[in-house]
Amino acid sequence: MPSGPASGRDAVNQAIVGTSRESKRDRQVFVAYPYRFYPRDDYRGLFERVGDALQVSFIFADEYFSATYLLEKITRMIVDSQFGIFDITNWNPNVSLEVGLALGLRERVFIAFDPTKTDLTDVPTDLRGRDRIEYTSYTDFESKLARLISAELPIALDRPTIQIDELQHRVLAVLRVDAGLYVNQIAAATGIKQTLARYLLQELIESNLVNTDGNRRGMRYFKR
């Protein structure tokens, strides 16, 4: 019989041949979410900010065009990534397929879920034991996403890996010596990007460990 296009199963099998944990891209994370449900700039903007601050590349299936079979392309993106974040808010069919594919491939899966935007009171039973980010706003999601990435893919500075908690201690130590610094001064003193410094400071403010003075552009920071 003449050969024809590979079946869906054959395409998936071809995509994962030779893939191993060692071949994964060091700081790549696959993201699946209901594209029509969220404004693109608002939703992806938070991933861009976290990615820039924590040196992580978030990839989305619709960003990469390929002549290969669609399921094969998505499979390759999933298996090449360190793990996947699947936003199942509104239980979108495409996201359902992608999270099922990742689980079937025994890849690492994190669930994202906004209970305020769906009739569901909880994630489906089969996913309740999975690690997840439950959020109620973009700001909430961004903060929790940064915390997850810091824990799973610590950034490399002057030591192999450093997590957010340790960086916050650095910030507090700097403010203990020099009170009233601006964010760019704190970033320079701790050797990190300003975007990351803002995340650290925001959490320290919410924890009542840091006070501020001034407006956003001219804001100064003080250790409590």
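Helices α3 (70-80) and α4 each give at least two residues to the lining of the second largest pocket. The model is predicted. Its pockets, sheet and two unusual loop residues are taken in turn.

**Pockets**

The second largest pocket has a volume of about 300 Å³. Its lining counts 14 residues, and those closest to the centre are Tyr35, Leu70, Ile74, Asn94 and Glu98. Helix α4 makes the largest contribution to this lining, with 4 residues.

The largest pocket holds about 720 Å³ of space. Around the largest pocket stand 21 lining residues, with Thr195, Arg198, Tyr199, Gln202 and Arg216 nearest its centre. Two or more lining residues come from each of α5 (138-152), α7 (183-190) and α8. The largest share belongs to α8, which supplies 8 residues.

The table sets out the make-up of the two linings.

| Pocket | Nonpolar | Polar | Charged |
|---|---|---|---|
| Largest pocket | 8 residues | 5 residues | 8 residues |
| Second largest pocket | 9 residues | 2 residues | 3 residues |

**Sheet**

Strands of a sheet pair through backbone hydrogen bonds, in either a parallel or an antiparallel way. Here 5 strands form an open sheet with parallel pairing, in the order β2-β1-β3-β4-β5. The edges are β2 (57-60) and β5 (132-134), each of which pairs on one side only. Direction ignored, neighbouring strands of the sheet are turned by 25° against each other on average.

Strand β3 pairs with β4 (residues 109-113) in the parallel sense, over 4 bridges. Aspartate 87 stands opposite alanine 112 of β4.

Helices pack on this sheet. One is α2 (residues 40-54), which touches β1 (28-32), β2 and β3. The direction of α2 makes about 150° with that of β2. Another is α4, which lies across β1, β3 and β4. Helix α4 runs at about 150° to β3. Helix α4 thus appears twice in this report: it lies across strands of the sheet, and it supplies residues to the lining of the second largest pocket.

**Loop residues with positive phi**

Most residues other than glycine have a negative phi. Two asparagines depart from that pattern. Asparagine 90 has a positive phi of about 70°. Asparagine 90 sits in the loop between β3 (83-87) and α4 (93-104). Is asparagine 90 buried or exposed? Asparagine 90 is partly exposed, because its relative accessible area is 41%, a value between the 20% and 50% cut-offs.

Asparagine 208 also has a positive phi, near 60°. Its place is the loop between α8 (194-206) and β6 (210-213).

How values were computed:
Residues numbered from 1 in each chain as written. Predicted model: local features only at pLDDT ≥ 70, side-chain atom pairs only at ≥ 80, totals over all residues. Heavy atoms only, no water. Buried < 20%, exposed > 50% of the residue type's maximum accessible area, 1.4 Å probe, protein only. 1 Å grid on protein atoms, 1.4 Å probe; cavity = no way out; pocket = protein on both sides within 12 Å on 5 of 7 lines; lining within 4 Å. Points joined across faces, edges and corners; volume = space filled by probe spheres on them. Nonpolar A, V, L, I, M, F, W, Y, C, P; charged D, E, K, R; others polar. Pairing = 2+ DSSP bridges. Axes fitted to C-alpha atoms, helices over the stretch in contact; angles between N-to-C directions. Contact = heavy atoms within 4.5 Å.
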